Amino acid sequence: MLHKTMAAAAGAALALACAACAPAAPTAQTAQAPSATPTPSWTASLSGGDHAQAQSAPPLPVPSWDAASEQGAKDTAAKAMALFARPRVDQRQWITDLAPMLSPAYRTEAEYINPARVPVSRVLSGPALQASSGDPMTVKAVFTTDAGEWAVLLHRTAAAQPWLVQDIATEDA
């Protein structure tokens, strides 16, 4: 019998200990307190449920190297080189004229070029285009100038986008 009494006492002690650890039952006061963690009133769904999904955008046209692309590259390169090869022009005017034709990255670099230090003052011939095989987005235009051969690197981001100058440097650079 002593064994049963001790087992009952241990069970009662265990129940009391567990009751002390358990959260208290909500009272009228705690039930009305706002929750610290908001509960969403909706559920996100990737399927769209019964609603129609937005149509995917049509694919962009694939650029190709055609006569129009070639002419556009030649025109941009020729204009850029003519604007670049003006060592007697004030630096502010020089970059203002050239900037619309430059990629954002090269525009930042070109702002530090002193046109008085550009050795080119005349373009003698060109451009001769050197297109990368399989890449209709990038082309190099080579010019013969009074300071040797110079290259203008052009790039476009899509078929309908303009050619932008990525770099102007001596051909051997």
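This section describes the overall architecture of the protein and the salt bridges found in the predicted model.

The protein contains five helices and four strands. Read from the N terminus, these elements follow the order α-α-α-α-α-β-β-β-β. Of the 173 residues in the protein, 25% are buried. The accessible surface amounts to about 12200 Å², and carbon and sulfur atoms account for 60% of that area. Among contacts between residues at least 6 apart in sequence, 45% join residues at least 24 apart.

Side chains of opposite charge can pair when their charged atoms come close. A search of the whole structure identified three such salt bridges.

One of the salt bridges lies within a helix: the side chains of Lys-74 and Glu-70 meet with an N to O distance of 3.6 Å. Both residues belong to helix H3, which spans residues 67–84, and because they are four residues apart, about one helical turn separates them. Lys-74 is partly exposed, with a relative accessibility of 27%. Its partner Glu-70 is likewise classed as partly exposed, at a relative accessible area of 30%.

A further salt bridge joins the side chains of Asp-97 and Arg-86, with 3.1 Å from N to O. This pair links distant parts of the chain, as Asp-97 is located in helix H4 (residues 91–98) and Arg-86 in the loop between H3 and H4, 11 residues apart. The relative accessible area of Asp-97 is 24%; this residue therefore counts as partly exposed, since the class of buried residues is confined to values under 20%.

The remaining salt bridge is formed by Glu-171 and Lys-140, whose closest N and O atoms are 3.4 Å apart. Here too, distant parts of the chain are connected: Lys-140 is in strand S2 (residues 138–145), whereas Glu-171 is in the segment after strand S4 (164–170), and the two residues are 31 apart. Glu-171 has a relative accessible area of 25% and is partly exposed. Lys-140, at 26% relative accessibility, also falls in the partly exposed class.

In terms of placement, the salt bridges thus comprise the Lys-74 and Glu-70 pair within helix H3, the Asp-97 and Arg-86 pair between helix H4 and the loop between H3 and H4, and the Glu-171 and Lys-140 pair between the segment after strand S4 and strand S2.

Terms used:
Residues numbered from 1 in each chain as written. Predicted model: local features only at pLDDT ≥ 70, side-chain atom pairs only at ≥ 80, totals over all residues. Heavy atoms only, no water. Salt bridge = Lys/Arg side-chain N within 4 Å of Asp/Glu carboxyl O. Buried < 20%, exposed > 50% of the residue type's maximum accessible area, 1.4 Å probe, protein only. Contact = heavy atoms within 4.5 Å. Areas by Shrake-Rupley, 256 points an atom, 1.4 Å probe, with all protein chains shown as cover.
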